[in-house]
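Here's a quick tour of a model for anyone who likes to look at side chains before running anything. Have the viewer open and follow along.

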Amino acid sequence: MIDVHIRPATAGEAASILAFWKEAAEGTSITDDVDGVTRLIERDPEALILAEAGGLLVGSVIAGYDGWRCSLYRLAVRPSHRRQGISTALLDAAERRFLAVGGRRGDAMVLEANERAQRAWASAGYHREDHWRRWVKPFPAA
């Protein structure tokens with residue numbers, strides 16, 4: 001594993017996080033804008049966890065806790081830095097956060113077509129639950 005620094009994101013980093021996700025993450029969301037990322041960080045300052053190596057953003061995970069569920073999103077590692085233990089370090093940080101608040105299970109959102117991500121989550125001890133399906137309804141912009 002390379003030497004990485006794990007820390008929470010700050011609201012001023014929203015634009016650079018979005019640029020990182022365009023390179024390192026699969027898929028997009030209607031909340032992929034500076035306002036959406038900033039609101040997340042302001043509402044829950046510990047939720048968006050970043051990994052840096054040599055001052056470069058190399059990984060991220062959103063570890064959201066709503067008092068009921070521990071939800072994981074946007075586990076992403078810069079392509080040039082994959083297979084170096086960064087996702088393991090990020091998930092360790094997320095799981096420590098969840099345990100500290102009394103969380104009992106982590107739920108990860110993983111794209112169906114992203115086989116690399118499915119392998120990564122499986123190697124981290126997560127398993128697919130085929131009896132659940134995600135239902136969504138986008139809300140119109142205010």
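Leaving aside neighbours within four places in sequence, which residues is Leu72 in contact with? This is a predicted model, and in it Leu72 is in contact with Val61, Ile62, Ala63, Leu91, Ala94, Phe98, Gly106, Asp107, Ala108, Met109, Trp121 and Tyr126.

**The cores**

Leu72 belongs to the largest nonpolar core, a set of 20 residues, and is one of the four that touch the most other members; Ile49, Val61 and Ile86 are the others. At least two residues of this core come from each of β2 (48-53), β3 (56-65), β4 (70-77), α3 (86-100) and α4 (115-123). The top contributor is α3, with seven residues. There's also a second, separate core of 15 residues, with Ala9, Leu18, Leu50 and Ile62 among them. As a general backdrop, nonpolar side chains tend to be buried together in soluble globular proteins.

**Rings**

Two of the Leu72 contacts, Trp121 and Tyr126, turn up again here. How many aromatic pairs does a search of the whole structure find? Just one. The ring centres of Trp121 and Tyr126 are 5.0 Å apart and the planes meet at 85°, so this pair is edge-to-face; an angle over 60 degrees is what earns that label. Trp121 and Tyr126 are both buried.

Another tryptophan has a charge for company: the charged end of Arg74 sits over the ring of Trp21, 4.6 Å from the ring centre.

**Helix α2 and the loop after it**

Now for α2 (34-43). Gly36, Val37, Thr38 and Ile41 are buried in this helix, and the buried residues of α2 pack against α1 (14-24) and β2. Asp35 and Arg39 are also in α2, four residues apart, or about one turn of the helix. Residues three or four places apart point the same way because an α-helix has 3.6 residues a turn. Asp35 and Arg39 form a salt bridge, and both count as partly exposed, with Asp35 at 48% relative accessible area and Arg39 at 47%.

Asp44 sits in the loop between α2 and β2. Is Asp44 buried or exposed? Its relative accessible area is 12%, so Asp44 is buried, given that buried means under 20%. Not counting residues up to four places away in sequence, Asp44 touches Tyr65 and Arg97. With Arg97, the side chains make a polar contact at 2.4 Å.

**Salt bridges**

The structure holds ten salt bridges. Here are some of them, with the distance between the closest N and O atoms.

| Acid | Base | Closest N and O atoms |
|---|---|---|
| Glu13 | Arg7 | 2.4 Å |
| Glu26 | Arg116 | 3.4 Å |
| Asp35 | Arg39 | 2.2 Å |

Where do the partners in the Glu26 and Arg116 pair lie? Glu26 is in the loop between α1 and α2, while Arg116 is in helix α4, so the pair links distant parts of the chain, 90 residues apart. Both ends are partly exposed: Glu26 has a relative accessible area of 43%, and Arg116 has 42%.

Glu13 and Arg7, on the other hand, are both buried. Salt bridges that share partners join Arg7, Glu13 and Glu52 into one network.

Note on methods
Residues are numbered from 1 along each chain as its sequence is written. This is a predicted model: local features need pLDDT of at least 70, side-chain atom pairs count only at pLDDT 80 or more; totals for chains, interfaces and linings use all residues. Side-chain values use heavy atoms; hydrogens and water are left out. Rings of Phe, Tyr and Trp (its six-membered ring) pair if their centres lie within 6.5 Å; planes under 30 degrees apart count as stacked, over 60 as edge-to-face and the rest as tilted. Buried means under 20% relative accessible area, exposed over 50%, partly exposed in between (1.4 Å probe, protein chains only). A charge sits over a ring if NZ of Lys or CZ of Arg is within 6 Å of the ring centre and within 35 degrees of the ring normal. A nonpolar core is a set of buried Ala, Val, Leu, Ile, Met, Phe, Trp, Tyr and Cys residues joined through side-chain atoms within 4.5 Å. Contact means heavy atoms within 4.5 Å. A polar contact is a pair of N or O atoms within 3.5 Å; within protein, one must be able to donate a hydrogen and the other to accept it, and residues adjacent in sequence count only if both atoms are side-chain atoms. A salt bridge is a side-chain nitrogen of Lys or Arg within 4 Å of a carboxyl oxygen of Asp or Glu.
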